[in-house]
Each structure stands twice: as structure tokens, then as C-alpha cells.
Amino acid sequence: MIAFDWTHLVIGLAAGAAISSLYFGGLAYGMRYALRTSAPLRVLSLSAVARMAILLGMGWVVTSQYGPWAFVGYGVAFFVARFIATTVARVGTPTEPAS
């Protein structure tokens, strides 16, 4: 039987939730900032590289420190945060009705 470690799974979930929140927050900020600049490709490229490096680097640290169950938690937390971020982006902010 495979040894299942709830503690490491929860550590992975917590780390994944925190880093994923930063990832998608950085995406939102980078998009807003890029749309106001004259060189949006440069801003978006730098933002993407930085966000991916941090996300993957922290995933590597969590996995190397706590093992495969932490990696599972980290991945699950990322996809949950992705679902929430895309839902919020799709719904958007409510607008005032025209009077």
C-alpha cells in the first residue's frame, strides 16, 4: 500500500495557493500595466518569464523538501486558483446601468 502523508499534502496545498495567488495577481497587474505602455510585448514577456520561474522554482522547492504528495497538493492548488481566476476574469466587475 502506498504511504499517504496528509501533512505534506496540506503543505503543498498551502504553498500552491499562496504562489498561485501571486502568479495570477502578477498576471492581472502585468496585463493592466502592459496595456498602458508603448511596448506591451516586452512587459508581457518579462512578466511571463518571472512568473513562470517563481511558480516552477517554488514547485521544485516544495517537491524536493516534502516529496510527491506535496507536489500533488501544489498542483491541485494551482488548478483551483486558475479556475477561480478565470471565473473572476470572465464574470468581470459589475457596471452601472445607463440611466
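## Helices and the turns after them

A helix here is a DSSP run of H or I at least four residues long, and helices are numbered from the N terminus. With that in hand, let's look at this predicted model. Helix α1 takes in residues 6-35 and helix α2 residues 40-66, while α3 runs over 68-91.

What follows α2? That spot belongs to Gly-67, and its phi is positive, near 95°. Something similar turns up further along: Gly-92, just after α3, has a positive phi of about 75°.

## Checking the helix lengths

You can test a helix with a bit of arithmetic. Take α2: its 27 residues, at 1.5 Å a residue, should span 39 Å, and the C-alpha atoms at its ends are 38 Å apart, which agrees. Now try α3, where 24 residues should span 34 Å at 1.5 Å a residue; the end C-alpha atoms are 35 Å apart, and that agrees too.

## How α2 sits against its neighbours

Start with α1 and α2. Their axes come within 10 Å and cross at roughly 175°. An angle over 145 degrees counts as roughly antiparallel, so α1 is roughly antiparallel to α2. Sort the residues of this contact by type and you get 16 nonpolar, 6 polar and 1 charged.

Next come α2 and α3, whose axes come within 7 Å and cross at roughly 150°. That makes this pair roughly antiparallel as well. In this contact there are 9 nonpolar residues, 2 polar ones and no charged ones. On the α2 side you'll find Leu-55, Met-58, Gly-59, Val-62, Thr-63 and Tyr-66, which meet Pro-68, Ala-70, Phe-71, Tyr-74 and Phe-78 of α3.

## What's buried

Which residues of α2 are buried? They are Val-43, Ser-47, Ala-48, Arg-51, Leu-55, Gly-59 and Val-62, and they pack against α1 and α3. For α3 the buried set is Ala-70, Gly-73, Tyr-74, Ala-77, Phe-78 and Ala-81; these pack against α1 and α2.

In soluble globular proteins, nonpolar side chains tend to be buried together. The largest nonpolar core in this model has 10 residues: Ala-15, Ile-19, Tyr-23, Phe-24, Leu-55, Val-62, Ala-70, Tyr-74, Phe-78 and Ala-81. At least two of them come from each of α1, α2 and α3. Zoom in on Phe-24, leaving aside residues up to four places away in sequence, and you'll see it touching Phe-78, Ala-81, Arg-82 and Ala-85.

## Two residues of α1 up close

Ser-20 is found in α1. Is Ser-20 buried or exposed? Its relative accessibility is 0%, and buried means under 20%, so Ser-20 counts as buried. Not counting residues up to four places away in sequence, Ser-20 touches Leu-55, Ala-77, Phe-78 and Ala-81.

His-8 is in α1 too. With 25% relative accessibility, His-8 counts as partly exposed, because the partly exposed range lies between 20% and 50%. Once residues up to four places away in sequence are set aside, His-8 touches Tyr-66, Trp-69 and Ala-70. How far apart are the C-alpha atoms of His-8 and Tyr-66? They are separated by 5.9 Å, even though the two residues are 58 residues apart along the chain.

Conventions
Residues numbered from 1 in each chain as written. Predicted model: local features only at pLDDT ≥ 70, side-chain atom pairs only at ≥ 80, totals over all residues. Heavy atoms only, no water. Axes fitted to C-alpha atoms, helices over the stretch in contact; angles between N-to-C directions. Helix = DSSP H or I, 4+ residues; strand = E, 2+ residues; numbered from the N terminus. Parallel < 35°, antiparallel > 145°, perpendicular 65-115°, else oblique. Nonpolar A, V, L, I, M, F, W, Y, C, P; charged D, E, K, R; others polar. Core = buried A, V, L, I, M, F, W, Y, C linked by side-chain atoms within 4.5 Å. Buried < 20%, exposed > 50% of the residue type's maximum accessible area, 1.4 Å probe, protein only. Contact = heavy atoms within 4.5 Å. Expected span 1.5 Å × (residues − 1).
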